Amino acid sequence: STVDRLWSSTSDLSFLVARWTAVGPEADPAIVAFTQQMAMESGFDVVAGLVEAVLGVDEDAGLDALADVPVTLVVGTLDRLTPAALTRRMARRSSAAVVELADIGHMSLLEAGGETTEVLRRHLHGEVARSAEGRWELAGTDDVWHSVDPATAVAREVG
């Protein structure tokens, strides 16, 4: 189709879109190219359907049910698709721990694979406990990444 030909012929444009939407500004160009390739090979219809689905998501649905479940949310500080502010809001509703990876975009597993894996490893090994305020906290967050108190972060954003 015409849309598919246009989609596949715009590699320079799609590279720039991938760089702007999916990764942080310091991301390795190979990561940007891989992200671009995934989108291009998926086809326009798939990507358009994904965008439509994401735009229709109710980010608050079901969060209250997670209040008693250990949850750790990981977000890049430069994530344009699921911004840190949205992640902090979700954490407030679910009492989740939040780990923000500095200068990382949406593709944290590619951009900061070691750090993201370490967060997941610690969470899955049960290194999560309730804080005095009732929020979940991930142990050892100050040594590898930056852990954020969602309430404090929102106060700074608003103020």
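Which residues line the second largest pocket? In this predicted model, the lining is made up of Leu-73, Val-74, Val-75, Gly-76, Asp-79, Thr-82, Thr-87, Met-90, His-106 and Ser-108. Here's a quick tour of the fold, then that pocket, then two buried residues, Thr-87 and Ser-95.

**The overall fold**

- The protein has nine helices and five strands.
- Starting at the N terminus, the order of elements is α-α-α-α-β-α-β-α-α-β-β-α-β-α, so you meet four helices before the run reaches a strand.
- The chain has 159 residues, and 34% of them count as buried.
- Take the contacts between residues at least 6 apart in sequence: 65% of those link residues at least 24 apart.
- On the outside, the protein exposes about 9,200 Å², with carbon and sulfur atoms supplying 61% of that area.

**The second largest pocket**

- This pocket holds about 160 Å³ of space.
- Two elements give two or more residues each to its lining: strand S1 (72–76) and helix H5 (84–94).
- Strand S1 makes the largest contribution, with four residues.
- Sorted by class, the lining has four nonpolar residues, five polar ones and one charged one.
- Asp-79 is the charged residue in the lining.

**Thr-87, a pocket residue**

- Thr-87 sits in helix H5 and is part of the lining of the second largest pocket.
- Buried or exposed? Thr-87 is buried, because its relative accessibility is 7% and the cut-off for buried is under 20%.
- Leaving aside residues up to four places away in sequence, Thr-87 touches Leu-73, Val-75, Thr-82 and Val-98.
- Among these partners, Leu-73, Val-75 and Thr-82 also appear in the pocket lining.
- Val-98 falls within strand S2 (97–101), so Thr-87 in helix H5 has a contact with that strand too.

**Ser-95, just past the helix**

- Where is Ser-95? Look in the loop between helix H5 and strand S2 (97–101).
- Despite being in a loop, Ser-95 counts as buried, because its relative accessibility is 17% and buried means under 20%.
- Again setting aside residues up to four places away in sequence, the contacts of Ser-95 are Ala-67, Arg-130, Gly-134, Arg-135 and Trp-136.

**Putting the pieces together**

- Helix H5 is a handy landmark for both residues: Thr-87 is found in it, while Ser-95 lies in the loop between it and strand S2.
- Strand S1 (72–76) is the other one to look for, as it gives four residues to the pocket lining, and Leu-73 and Val-75 are among the residues that Thr-87 touches.

How values were computed: Residues are numbered from 1 along each chain as its sequence is written. This is a predicted model: local features need pLDDT of at least 70, side-chain atom pairs count only at pLDDT 80 or more; totals for chains, interfaces and linings use all residues. Side-chain values use heavy atoms; hydrogens and water are left out. Buried means under 20% relative accessible area, exposed over 50%, partly exposed in between (1.4 Å probe, protein chains only). Contact means heavy atoms within 4.5 Å. Accessible areas come from the Shrake-Rupley method with a 1.4 Å probe; for residues, only the protein chains shown count as cover. On a 1 Å grid over the protein atoms alone, a cavity is a set of points where a 1.4 Å probe fits but cannot get out, and a pocket is an open set with protein on both sides within 12 Å along at least five of seven lines; lining residues have an atom within 4 Å of a point. Grid points are joined across faces, edges and corners, and a volume is the space filled by probe spheres set on the points.
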